[in-house]
Amino acid sequence: MDPPSPLPTLIRKKRDGERLEDAEIRSFVRGVTEGTAQQGQIGAMLMAIRLRGMDAGETLALTRAMATSGRALAWPPAWHGLVVDKHSTGGVGDKVSLALAPALAACGCKVPMISGRGLGHTGGTLDKLEAIPGFRVNLSPEEMCSALERVGCCIVGQSEELAPADRVLYGLRDVTATVDSVPLITASILSKKAAEQLSALVLDVKFGGAALYPTQDSARELARSLVEVGTQLGIRTVAVLSRMDQPLGRAVGNALEVLEALECLDGGGPPDLRQLVTTLGGVLLWQCGKVAGPAQGRELLGRALDDGSARSTFEAMLGAQGVPPDTAQRLCSGTPAQRRRLLGTAKVCEELPALQEGWVQEVRALPLAQVLHGLGAGRARAGDPVDPLVGAELLVGAGQHLRAGEPWLRVHHEGTLGAGGRRALQGAL
């Protein structure tokens, strides 16, 4: 084991723009994991990294140290090459994981998807799934292995045992204004993926007005870092850049996004959602050798959505994660009205009229998400409760003509939308 380096020395070194050695980075991560590093010291190091950056070697060392701060998952030898995952840097209306994981499993992959909760204006996959009565996100590594054996996929929260250093650093990044550091994001995402023992990984790196990175160039910098480090960790890694100016699909809000993901699993749903699901899935099927190229992968994944096999796998995954079989069956095979009754509805369902006539250029995702967040769809701090029934449905798309007074947005809330919220929503159109 490396002799511990005094943390103030390491902080000073990085503050002054010097390179940290691998052993020094391991020493810092060990202090984080064992609790010997004070919060002030961790915050100071995070800020030094945010301001001074890390080169590719330092970023790789940080990722490795965080990945080995806990246990690694282990899979049967027969699954070699088939264990895949996807990660998105966060968006509005992004319910891709709900359709993608079961579709990949239906194509023969094993998908141990470790997802997160929403924080700030972006939604969280776990919050969406918890809108389904009985769904359990906390599975032990043994339960995950059992679900993959029987179903082919599971979508779970981060275990206490996997990359525990990341849990500490993730929470502190949010309160120290260091969230947008490329080395810290890279290490956070890939330490968890390395602990999953993946064969292949696809990253959906968002850019635009409602993304962490506003420009394509800044998103590309993060994508390059993720692909470079992922590849050096032995994971076949590809990044796809996608826009996040308008919501993905037509639904925003936890229960509403589950319903829209089910439309996608029925072979329908909004075209932009299906396109992103099949693009990301197509790349993964190519990466793990199921098809000769991404185009054939898109086709194979599209067939799994169209022939019902992805939806059947989703139903089986719900059962494996605690949803009563009759609930899972009614949700997956029911009519849209039956599905909506099963998940519940908000107290108020209100349509907003267009204030003037014109052609829709875009519906901006950020103000829409911020208003819904204030109505209870999101959380300001980790641990806050969310209301799964709060959300909105877009009734229009870009390029569409609207007359004054025609409804363009349906808002689901608990009677808490005031004049200021309505004004902000109108400003999104």
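**Residues and overall build of the predicted chain**

At 38% relative accessibility, Gly171 counts as partly exposed, a label for anything between buried (under 20% relative accessible area) and exposed (over 50%), worked out with a 1.4 Å probe and protein chains only. Gly171 is part of helix H8; helices here are DSSP runs of H or I with at least four residues, strands are runs of E with at least two, and both are numbered from the N terminus. Glu350 is 179 residues away from Gly171 along the chain, and the two C-alpha atoms are 36 Å apart.

A quick word on the ground rules. The model is a predicted one, so local features need pLDDT of at least 70 and side-chain atom pairs count only at pLDDT 80 or more, while totals for chains, interfaces and linings use all residues. Residues are numbered from 1 along each chain as its sequence is written, and side-chain values use heavy atoms, with hydrogens and water left out.

Zooming out, the protein chain contains 18 helices and eleven strands. Its radius of gyration is 22 Å, in agreement with the value near 22 Å for a compact globule of 429 residues; the radius is taken over C-alpha atoms, and the globule rule is 2.2 Å times the number of residues to the power 0.38. Along the principal axes, the C-alpha atoms of the protein chain fill a box of roughly 70 × 50 × 35 Å. Of the 429 residues, 55% are buried. The accessible surface of the protein chain is about 17,500 Å², and carbon and sulfur atoms own 51% of that; the areas come from the Shrake-Rupley method with a 1.4 Å probe, and for residues only the protein chains shown count as cover.

Contacts, meaning heavy atoms within 4.5 Å, often link distant parts of the sequence: among those in the protein chain with a separation of 6 or more, 76% join residues 24 or more positions apart. On the charge side, there are 45 positive and 46 negative side chains, and the centres of the two sets are 0 Å apart. For that tally Lys and Arg count as positive and Asp and Glu as negative, with His and the chain ends not counted; each charge is placed at NZ of Lys, CZ of Arg, CG of Asp or CD of Glu.

Back to helix H8, which spans residues 164-175 and includes Pro164. Pro164 is buried, at 14% relative accessibility. Setting aside neighbours within four places in sequence, Pro164 is in contact with Thr33, Ser69 and Gly70. Ile42, 122 residues from Pro164 along the chain, has its C-alpha atom 15 Å from that of Pro164.

The loops on either side of H8 each hold a backbone oddity. Most residues other than glycine have a negative phi. Ala163, however, has a positive phi of about 45°; Ala163 sits in the loop between strand S3 (153-156) and H8 and is buried at 0% relative accessible area. Ala177 also has a positive phi, near 55°, and belongs to the loop between H8 and H9. With 60% relative accessibility, Ala177 is exposed.

Just past helix H9 (182-195), Glu196 lies in the loop that leads to strand S4 (200-207). Glu196 is buried, at 0% relative accessibility. Not counting residues up to four places away in sequence, Glu196 touches Leu73, Trp75, Val83, Asp85, Pro112 and Ile114.

Asp245, in the loop between strand S5 (236-243) and strand S6 (251-252), has polar partners. Its side chain makes a polar contact of 2.6 Å with the side chain of Arg243. Such a contact is a pair of N or O atoms within 3.5 Å; within protein, one must be able to donate a hydrogen and the other to accept it, and residues adjacent in sequence count only if both atoms are side-chain atoms. A polar atom of the Asp245 side chain also lies 2.6 Å from the backbone nitrogen of Gly209. Leaving aside neighbours within four places in sequence, the contacts of Asp245 include Glu362, Val363, Arg364 and Ala365.

Two more loop residues round out the picture. Gly134, between helix H6 (125-129) and helix H7 (141-150), is partly exposed at 47% relative accessibility. Beyond neighbours within four places in sequence, Gly134 is in contact with Gln321, Gly322 and Val323. Thr345, in the loop between helix H16 (336-343) and strand S7 (348-353), is exposed at 53% relative accessibility. Thr345 touches Arg340 and Leu389, not counting residues up to four places away in sequence.
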